[in-house]
Each structure stands twice: as C-alpha cells, then as structure tokens.
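Take a walk through this protein, one region at a time. Keep the model open as you read.

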Amino acid sequence: MKKYYETKIDIGSKILSAQEIMHVLEDAANGDTARLGLNFEGMIRKYRAFWMLARCIVRLDKPVIGPGELICRTCHRGFNGVLAYRDYDLLLNGEKLGEVVQVWIISDIATRKMLRPDSLPGFDLPDSEDPRDTQIAKIKAPKELKYAGTYIVSPEDIDGNGHMNNTRYLGAAQSVLDEDFKAVSFQVGFLKESMLGDRISLYRADTDAGIYIRGCHDNGTACFDVLFFDKNEDI
C-alpha cells in the first residue's frame, strides 16, 4: 500500500476560496484514514474517539485558479506526543502549487479529552517514508482588534462529530473579507469547539504579516483564529 493518498478534482474555471481549499484537504485526509479503517466510523467503532483538527498552514505560490485538474496528495507524517502531523502537496495541471501541513489530535467522543495513540489498542497509522520537518506554532495575535461582524452556527455548519466543521470557520472568516479576496497562503488555529446556535463575534486586524481574524464566543473565549498572509495587492 502506498504511504500517500491522492485525490483528483476537476475544478472547472473556479477560483478556490480558503474554505474550498480546506474541503479538498478534508476529503483527502478522510480518504487516507478510511482506507486504513481509521476514519470517523472506524475510530468511533474501535475507540469511541474521533479526529479533531487543531492547526493548519497552507503555503501556496499563487491562488488555485482553474481550469484544470487539482491533485491533492497526503500522508501521515507521524506523532509528536498527542499531536499527529499530516503533510500535503497540491498540484494543478501537474504544477506544484505549494505545501500544506496540518496538526490533528485524537479526542474521546464523550469527554472531548485528548488521547495518546499508544493508549489505543491496535492503533496503527503508517508514518511517511519522506517526512518533512515543518512545525506549526500558534498564531501571534495582534494587540488591537476591531469588531467586524457576527456569525451564527447553523445546522449546515455541523458535522458528524456534532460540532462546527473546520472548513466552515474559514467561511466565517471570509465573510468579513473583501468579496474579491483570493486565498493564497493562510494559517488557522482551531481553539474551541462551536456548537449549533453559537454566536461567533468576528474581529479583524490588518497587520504587516497579513489579515488576522479571530472568532470569539459570547463568553469571550476565542474559538478560532486565522492569518491570511496575502493582502492580494499584487494578485
């Protein structure tokens, strides 16, 4: 069995948004874990646990713009304690656009506590034969943020884990960006689960590093943050 998993998508003439890029990554990760019996259904059945995305960094040379075939290749790099690193390559019409790294954790479905892989009997996820060394630090939040809008978690946002799907946070962030903004490179951190009906207040800061968005629940707790590295000035 190959250590990497590959998906191919005809994107037509679309320009993929950050949310759509996250969908592509999610489908590839789901496909890779499914062939090993460690997707959502397998993890619930075997361990009463599920995968939860914690961090993601997307580094592309240019926007994902069709027409063409988008190939997404992914493999599990390995664990660092409770953190599972997953690497991706994105290629459009055979040209490599860039790389993606994600950090996942395994969470107990009932308690939501993080689980170590060595605590799961028979758990076996093959490591990459060509591991990378990219790490993902937490995003450094600006000191001054301005309120930019509110997002209410709807039934369409909820996934099989019973919480807001990770791709939908990017949709929330995009709702306070300019309509013609094109996602190229970005980093996102998933800090707290959001449930159906939750109100997420969105705050924005334009910095030298890029456009920073933070989402907070009504109690002030941050549930996600994202930094769009590109201001689109030259795109």
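The paragraphs below cover helices, backbone geometry and pockets.

This is a predicted model. Begin with two helices, α1 (18-35) and α3 (166-174). Their axes lie 8 Å apart, and the packing angle is about 170°. That makes α1 roughly antiparallel to α3, because angles over 145 degrees count as such. On the α1 side, the contact is made by Ala18, Gln19, Met22, His23 and Glu26. On the α3 side, Asn166, Thr167, Arg168, Leu170, Gly171 and Gln174 take part. Sorted by class, this contact has six polar, three nonpolar and two charged residues.

Stay with α3. How many of its nine residues are buried? Seven are, so α3 is largely enclosed by the rest of the structure. The buried residues are Asn166, Thr167, Tyr169, Leu170, Gly171, Ala172 and Ala173. Asn166, Thr167, Leu170 and Gly171 are also in the contact with α1.

Now move to α2 (40-47). Its buried residues are Gly42, Met43, Ile44 and Tyr47. They pack against β2 and β5. A general point about helices helps here. An α-helix has 3.6 residues a turn, so residues three or four places apart point the same way.

Just after α2 comes Arg48, with a positive phi of about 50°. Most residues other than glycine have a negative phi. Arg48 sits in the loop between α2 and β2. Is its side of the story buried or exposed? Arg48 is exposed, and its relative accessible area is 51%.

Asn93 also has a positive phi, about 55°, although it is not a glycine. Its place is the loop between β4 (83-92) and β5 (95-108). Asn93 is exposed, with a relative accessible area of 52%.

One peptide bond deserves a look too. Most peptide bonds are trans. Gly66 and Pro67, however, are joined by a cis bond, with omega at about 5°. Pro67 belongs to the loop between β2 (49-60) and β3 (69-80).

Next, the pockets. Rolling a probe the size of a water molecule over the atoms shows where empty space is left. The largest pocket holds about 900 Å³ of space. Its lining counts 41 residues. Which of them lie nearest the centre? They are Trp51, Met52, Leu53, Ala54 and Trp104.

Several elements build that lining. α1, α2, β2, β4, β5, α3 and β8 (186-190) each supply at least two residues. The largest share comes from β2, with six residues. The helices met above, α1, α2 and α3, are among these contributors. By class, the lining of the largest pocket divides into 19 nonpolar, 12 polar and 10 charged residues.

The second largest pocket contains about 240 Å³ of space. Its lining includes Lys3 and Tyr4. Arg73, Thr74 and Cys75 also line it, as do Asp87, Tyr88 and Asp89. Ser128, Glu129, Asp130 and Arg132 complete the list. β3 and β4 each supply at least two residues here. Seven residues of this lining are charged, three are nonpolar and two are polar.

One strand links the two pockets in this account. β4 supplies at least two residues to the lining of the largest pocket, and at least two to that of the second largest.

Definitions and conventions: Residues numbered from 1 in each chain as written. Predicted model: local features only at pLDDT ≥ 70, side-chain atom pairs only at ≥ 80, totals over all residues. Heavy atoms only, no water. Helix = DSSP H or I, 4+ residues; strand = E, 2+ residues; numbered from the N terminus. Buried < 20%, exposed > 50% of the residue type's maximum accessible area, 1.4 Å probe, protein only. 1 Å grid on protein atoms, 1.4 Å probe; cavity = no way out; pocket = protein on both sides within 12 Å on 5 of 7 lines; lining within 4 Å. Points joined across faces, edges and corners; volume = space filled by probe spheres on them. Nonpolar A, V, L, I, M, F, W, Y, C, P; charged D, E, K, R; others polar. Axes fitted to C-alpha atoms, helices over the stretch in contact; angles between N-to-C directions. Parallel < 35°, antiparallel > 145°, perpendicular 65-115°, else oblique. Contact = heavy atoms within 4.5 Å.
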